Amino acid sequence: MSITLPQIIFIIVAIGTLFTGTMVVVARNLVHAALWLILSFFGVAVIFAMLEAGFIAVVQVTLYIGAIAILIIFAMMLTRKVMNDTEPQTNSQWILSFLVAAAAFIGLAGLLNATAWPVLQTVSLEGSVAQLGRALVEPNQYVLPFEVASVLLIIALIGAVAIASEKT
């Protein structure tokens, strides 16, 4: 069985996305962590594009890279203490946390491997963007989760401004 060019590109992008995701966690500077987060989001968007989910890839770029990551960087720039933070980035329980996370990963991987997943025979993508748009605004479908997500984003923005404002 030979490996095709799309598979090679997928493997490279997946490894790059995993690397940038790891760098988000281990970066000492929060601004650098946010920049690594942007690269990680971009890698996820490339994977979506390779899976022929163009709409989701565009949403990933515009919503997560264009809005969320920039909002995070903006909030960090508003806080003056972030740039001069000299506190250690780890605590004494990092080994226990790593072991619990590794055990959870192994358990979930075993569960996913043991499950017999149904195989979809055909998928129709005609009108999928229009159907998604209608599903997001119809009262009996996804309007409530859509509105809850928007309220959570507004609360995050208010929290960022509150943290960034000077205390008097």
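Confidence in this predicted model varies along the chain: helix α1 (residues 5-26) has the highest mean pLDDT, at 92, and helix α5 (residues 128-137) has the lowest, at 74. For the chain as a whole the mean pLDDT is 80, and 85% of the residues reach 70 or more. Where pLDDT is low, the predicted coordinates should not be read in detail.

Two residues show opposite kinds of surroundings. L5 lies in helix α1, and Q60 lies in helix α3 (residues 54-78). Which of the two is buried, and which is exposed? L5 has a relative accessibility of 58%, so L5 counts as exposed, the cut-off being over 50%. Q60 has a relative accessible area of 8%, which is under 20%, and therefore Q60 counts as buried.

| Residue | Relative accessible area | State |
|---|---|---|
| L5 | 58% | exposed |
| Q60 | 8% | buried |

L5 belongs to a nonpolar patch on the surface, together with I3, I8, I9 and I12. The accessible area of this patch is about 490 Å² in total.

Q60 has contacts with F41, V44, A45, F48 and I65, leaving aside residues up to four places away in sequence. Two of these partners, F41 and A45, are among the buried residues of helix α2.

Helix α2 (residues 30-50) is made of 21 residues. From first C-alpha to last, α2 reaches 30 Å, close to the 30 Å expected at 1.5 Å a residue. What do the buried residues of α2 pack against? They pack against α1 and α3. Among them are V31, A34, L37, I38 and I47. An α-helix has 3.6 residues a turn, so residues three or four places apart point the same way.

Note on methods
Residues are numbered from 1 along each chain as its sequence is written. This is a predicted model: local features need pLDDT of at least 70, side-chain atom pairs count only at pLDDT 80 or more; totals for chains, interfaces and linings use all residues. Side-chain values use heavy atoms; hydrogens and water are left out. pLDDT is the predictor's confidence in each residue, from 0 to 100. Helices (H or I, at least four residues) and strands (E, at least two) are DSSP runs, numbered from the N terminus. Patches are made of residues with over 30% relative accessible area and no salt bridge: like charges are joined within 9 Å, nonpolar side chains (Val, Leu, Ile, Met, Phe, Trp, Tyr) within 5 Å. Accessible areas come from the Shrake-Rupley method with a 1.4 Å probe; for residues, only the protein chains shown count as cover. A salt bridge is a side-chain nitrogen of Lys or Arg within 4 Å of a carboxyl oxygen of Asp or Glu. Buried means under 20% relative accessible area, exposed over 50%, partly exposed in between (1.4 Å probe, protein chains only). Contact means heavy atoms within 4.5 Å. The expected span of a helix is 1.5 Å times one less than its number of residues.
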